[in-house]
Amino acid sequence: MPAGTPAPAPARQHKPEAPAARTAAAPSGVGMDSAAVRAAMVRKLQGQGVSHPAVVAAMLAVERHRFVDSALVNQAYEDTSLPIGQGQTISKPGVVARMVELLCQARVQPLGRVLEIGTGCGYQAAVLARVAKEVYSIERIRSLHEKARDNLRALRVPNLHLLFGDGMVGFPRGAPYAGIIAAAGGNDLPPAWIDQLAVGGRLVAPAVTAAGRQNLVVIDKTATGVIRTELEAVHFVPLKSGLA
């Protein structure tokens, strides 16, 4: 998402929308609608170190095949990112589980209010809705915002609010947040995100570090300041501002 900062979008574009209804039937065949397939995926994630009970339960419950294009449904439960249009991707299940687990670690369950930057197709938002009391998810690309709304409609997730707007500025009306998570990485973390994080809250996002590489970064906000921790290298789509 790097670019200049455009004029703010009209307030109505930031109005939370109710989850939308899905009309198409879930893909079938090759066991894509089988809980056993997800269970096998989750066992692999646990083998990679994912262990938080709420995260494991969420990854078991959310049907990833509902969020990928029909031509790619056979790859839905592989640990790989997949294209969702507009140059964007649905993150690997392993990356989703890792980031959500970081958000949950050493925190009261369920989390309070969470802000997701970059709804994409809606998969991670659905996972977050199972570990948090309330989720605001913002997407700057209108066609993806609408795709996520369609994908999530049949799931009827009452604590998930989809927003169309510029994620670089966050969503001040919902602040402060117990957690903020981003699905795109820029040269650094926008100050607005840190401002909107509650004291005791945690931000998990990719960002370019001093070494010039994109790494997973964790920000813990305390009463005396912020603590920044840089973790493993990752590869996310670029963080951009404005609407598309």
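1. In this predicted model, Ile 117 stands opposite Ile 138 in strand S4. The two residues mark the pairing of S3 with S4, strands that run parallel and are joined by six bridges. Strand S3 covers residues 111-117, and S4 covers residues 132-139.

2. Strand S3 also pairs with strand S6, again in the parallel sense, over four bridges. Here Val 114 stands opposite Gly 179 in S6. Strand S3 is mostly covered, with five of its seven residues buried. Strand S6 is likewise mostly covered: five of its six residues are buried.

3. The pairing continues from S6 to strand S7, residues 197-208, through four bridges, and these two strands run parallel as well. One facing pair is formed by Ile 181 and Val 204, the latter in S7. Strand S6 is therefore bridged to S3 and to S7, while S3 is bridged to S4.4. Which residues form one aromatic cluster? The members are Tyr 136, Phe 171 and Tyr 177. In the whole structure, a search finds three aromatic pairs. The rings of Tyr 136 and Phe 171 have centres 5.3 Å apart and planes at 35°, so this pair is tilted. Tyr 136 lies in strand S4 and Phe 171 in the loop between strand S5 (160-164) and strand S6 (177-182), so the contact ties together parts that are 35 residues apart in sequence.

5. Is Tyr 136 buried or exposed? Its relative accessibility is 11%, and Tyr 136 counts as buried because the cut-off for that class is under 20%. Phe 171 also counts as buried, at 2%. The rings of Tyr 136 and Tyr 177 have their centres 6.5 Å apart and their planes at 70°, so this pair is edge-to-face. Since Tyr 136 belongs to S4 and Tyr 177 to S6, the pair ties together parts that are 41 residues apart in sequence. Tyr 177 has 0% relative accessibility and counts as buried.

6. Two arginine side chains are placed over aromatic rings. The charged end of Arg 142 sits over the ring of Phe 164, at 4.3 Å from its centre. Arg 64 lies over the face of Tyr 123, and the distance to the ring centre is 5.7 Å.

7. The largest pocket holds about 580 Å³ of space. Its lining comprises 35 residues, and those nearest the pocket centre are Thr 89, Ser 91, Ala 183, Phe 236 and Val 237. Strand S2 (88-90), helix H3 (93-104), strand S3, helix H4 (123-128) and strand S4 are the elements that give two or more residues to this lining. Among them, S2 gives the most, with three residues. By class, the lining has 17 nonpolar, 13 polar and five charged residues.

8. A final point concerns helix H1, residues 35-47, in which Val 37 lies. At 22% relative accessibility, Val 37 counts as partly exposed. Val 37 and Glu 63 are 26 residues apart in sequence, and their C-alpha atoms are 9.7 Å apart in space.

Note on methods: Residues numbered from 1 in each chain as written. Predicted model: local features only at pLDDT ≥ 70, side-chain atom pairs only at ≥ 80, totals over all residues. Heavy atoms only, no water. Phe/Tyr/Trp six-rings, centres within 6.5 Å; stacked < 30°, edge-to-face > 60°. Buried < 20%, exposed > 50% of the residue type's maximum accessible area, 1.4 Å probe, protein only. Lys NZ or Arg CZ within 6 Å of the ring centre and 35° of its normal. 1 Å grid on protein atoms, 1.4 Å probe; cavity = no way out; pocket = protein on both sides within 12 Å on 5 of 7 lines; lining within 4 Å. Points joined across faces, edges and corners; volume = space filled by probe spheres on them. Nonpolar A, V, L, I, M, F, W, Y, C, P; charged D, E, K, R; others polar. Pairing = 2+ DSSP bridges.
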